[in-house]
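Me: I have a model open and would like to go through it with you piece by piece. Could you keep the cut-offs explicit as we go?

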Amino acid sequence: MNRRAKPKKIKYFTPKMQAKLLLVFCVIIVALIGLIIRLVYLNQKDGEKYAKRVLSQQTYTSNSIPYRRGSILDRKGTVLATSQKVYHLVLDVKYMLQEKEENLKPTINALVETYDSLSKDELMKIVKTKPESQYVKLLKNLTYEQMAVFKDKMEKDSHIKGVWFEEDYIRQYPYKSLASHVIGFTASGNVGTWGIEQYYNDDLNGTNGREYGYFDSELNLERNIKPAVNGNTVVSTIDANVQNIVQKQVDAFNEEYGSKNIGVLIMNPNNGEIYAMASNKAYDLNNPTDLTSFYNKKEIAGMNEDEKMEALNKIWRNFTISDAFEPGSTFKPVTVASALEEGIVSPNSTYICDGYEEVGGYEIKCSNRTGHGELTLQEALMKSCNDAMMQIVAKEGKKLFYQYQNSFGLGEKVGIDLPGEASGILMAKKDRNNTALATNSFGQNFTSTMLQVAAAYSSLINGGYYYQPHVAKEIINDEGATVKAFDKNLIRKTASRETSDFIKEAMFQTVEAGTAKTAAVPGYTVGGKTGTAQKLPRAAKTYIVSFIGNVPADNPEVVIYVAIDEPQNVIKQADSSLATKLASKILAEVLPFLEVYPSNDEAFTENESNTGDNSKKNTEHTSGTDTKTNKNNNSLTNQSNEVNNTESGQETNPNGDGTTMGNTPADGTITGDTTADGTGTDGTTTEDNSETSDEFDPDALTDLGTETGE
Ligand SMILES: [Zn+2]
């Protein structure tokens, strides 16, 4: 369809219209000018006020709210580490100076009056040099009371301006050096260093909150708070009382004799919980970099920074898990257990010890040079006979022996929840000849940590269950609710019930009538094994003496391992009774805290022989808590240790783990007789530990580190 467009009508801009437009234009201009004037006026009137408010709230409007790092508690709830709220005093110089003299003087005066450590001159210097600064931290770590005094003054005097308090937390360790190697400490910024503080750092830390602010149309501050999430608390398996007793006894030993190192480990063999871990280098967790307890002023002054750090790392390391050394005779129960498991020996097996065994062309001696004579399997353990062990492993063979060494957790980290664990070093595969096997049978020529030996031993006497040792029992949140619970963690079965029963009985007899008599604790049945390991190089004739044991003997609830590295001022360093006596003293005190009580049953019958199962007969459990153990009628033998200076200058055998550890020595020669165990069956010292260090081919040890070197 076609439609024709209408013709367009032409419009003209008439003079009348031009006049109207001009008028509108003028009105707009006038209005704009008015608005500008108003704005300038407003700005002059309120700008200052506005700016001030912004300034005063500036730090505050985007403040970080610190979280509280979780605590570390002992198994009964005693606080071992905690974070305390503190306040830092911050001066906003720019804001204080806003009204010049009006606020400056009252503020400075109030500060100086309240805090002794602040001086007027100092503050004026800050004002002069940093007039634009809004954040000058004048005081740190004030308590609530110290903070509140000043806040009070601020509220009363409106001329005190530009002072505010920043919240923070500081880490505190109420028991100072207690369990220092288990707890660890924190560096600035809540960074855990060593111990539980490091291992559970992420659990202990929380998330900072934030306080936001903005101004509404009325210039009022609207606040928005995202609260901080506090960290979780770690409930450890440590018992503060037990730990305290252990540390006290370690100190007492060192006061009486002295030693290069002492390690004491107490654990529950039935679930792997660690009750106490101590060494003689307990340090104040509140002041972890202080060397004055360990070195004199002159020594410290002579150290450069690297040397200081090295010294500190030596102090901080946990001897019971970070240092590996030859376990010596405490390893013998493992050797016997493995042979029992394989049916290579039986409880009825007998051995003739003639004082040595010839292996691979070497004469490897027993601790008893003249020979123990005929021994049962149990007696071989009781008297700590090397000859019998060598005969056993010769029958067992390398393959099985080393298989069991692994199965008992040697040569690898047990995986405890602590940093710095060493794995120990086993004889390298290519060096596992008959001579190596023979010496390995009695705990020589391989290294292990105290923790490894304690865990292996626990499995031997608890029915054959290898539980992973651990120091954390539970993780709870800020409200006390359980986040994680660490139950017993069964790693593997190491031995049968029968084997375990045999070892338990043999350990009981070792304390009853064998080399560990002095480990007895009045009122309790104790089982255990001594160890005397000669350190490398053998020629130095330095020793680590040790005792590992369990209470009660028949149904163990507590395992203790004491190792004394180079006891000092003793007639004879190779005297394991130093360790058994220390263990006995510790046990007598700690057992009640662990709810293991002496028995009231006096009807204990004297052992008729060494072959019976007296421990079972006399230690049957009844339902009452106070009848858990029976009276042990063996009194402590009193061997006096006269003070006598023995020489010792040899390095310890630190075994490396990571950067802070040393290297395992593999520099010495091996010899076969390092296992004299202090006392004989009659309680007198019968064995001689004099060494022959040149009997063995030094090459046998050259590659000790190659298999498991970290
Ligand atoms: Zn022997």
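Me: Which residues are buried in helix H16 (residues 398–407)?

Reply: In helix H16, the buried residues are Phe401, Tyr402, Tyr404, Gln405 and Ser407. A residue is called buried if 20 or more other C-beta atoms lie within 10 Å of its own, exposed if 12 or fewer, and partly exposed in between, with C-beta atoms placed from the backbone. Helices (H or I, at least four residues) and strands (E, at least two) are DSSP runs, numbered from the N terminus. This is a predicted model, in which local features need pLDDT of at least 70 and side-chain atom pairs count only at pLDDT 80 or more, while totals for chains, interfaces and linings use all residues. Residues are numbered from 1 along each chain as its sequence is written.

Me: And what covers the buried residues of H16?

Reply: The cover includes helix H13 (332–341), H15, helix H17 (434–440) and strand S22 (490–493). Just after H16, glycine 409 takes a positive phi of about 85°.

Me: You mentioned H15; why does alanine 394 count as partly exposed?

Reply: Alanine 394, which lies in helix H15 (residues 386–396), counts as partly exposed because it has 17 C-beta neighbours inside 10 Å. Alanine 394 is 44 residues from alanine 438 in sequence, and their C-alpha atoms are 7.2 Å apart in space.

Me: Switching to the core, which residues touch the most other members of the largest nonpolar core?

Reply: Those are Leu80, Val264, Ile266, Ala454, Tyr561 and Val562, in a core of 137 residues. Helix H18 (residues 450–461) gives the largest share of this core, nine residues, and at least three residues come from each of domain 1 (64–212) and domain 2 (244–282 + 317–701). A nonpolar core here is a set of buried Ala, Val, Leu, Ile, Met, Phe, Trp, Tyr and Cys residues joined through C-beta atoms within 7 Å, and the domain bounds come from an automatic or database domain assignment.

Me: What does alanine 454 touch?

Reply: Leaving out residues up to four places away in sequence, alanine 454 touches Leu265, Met267, Ile548, Val559 and Tyr561, where contact requires C-beta atoms, placed from the backbone, to lie within 7 Å.

Me: Okay, what about H19, is it enclosed or open?

Reply: H19 is largely enclosed by the rest of the structure, because 13 of its 17 residues are buried. From first C-alpha to last, H19 (residues 497–513) reaches 24 Å, close to the 24 Å expected at 1.5 Å a residue, with the expected span taken as 1.5 Å times one less than the number of residues.

Me: Now the hairpin: how many bridges join S15 to strand S16?

Reply: Four bridges join strand S15 (residues 356–359) to strand S16 (residues 362–365), and the two run antiparallel; strands are said to pair if DSSP finds at least two bridges between them. In S16, tyrosine 362 is the bridge partner of valine 359. The hairpin has two residues between the strands, and glycine 360 takes a positive phi near 55°. Glu357 and Val359 form the covered face of S15, with Tyr356 and Glu358 on the uncovered one.

Me: Last thing, what is the mean pLDDT of the protein chain?

Reply: The mean is 82, and 79% of the residues reach 70 or more, pLDDT being the predictor's confidence in each residue, from 0 to 100. Over residues 601–710 the pLDDT is below 50, although this stretch has 259 contacts in the model beyond near neighbours in sequence. Where pLDDT is low, the predicted coordinates should not be read in detail.

Definitions and conventions. Two residues are in contact if their C-beta atoms, placed from the backbone, lie within 7 Å.
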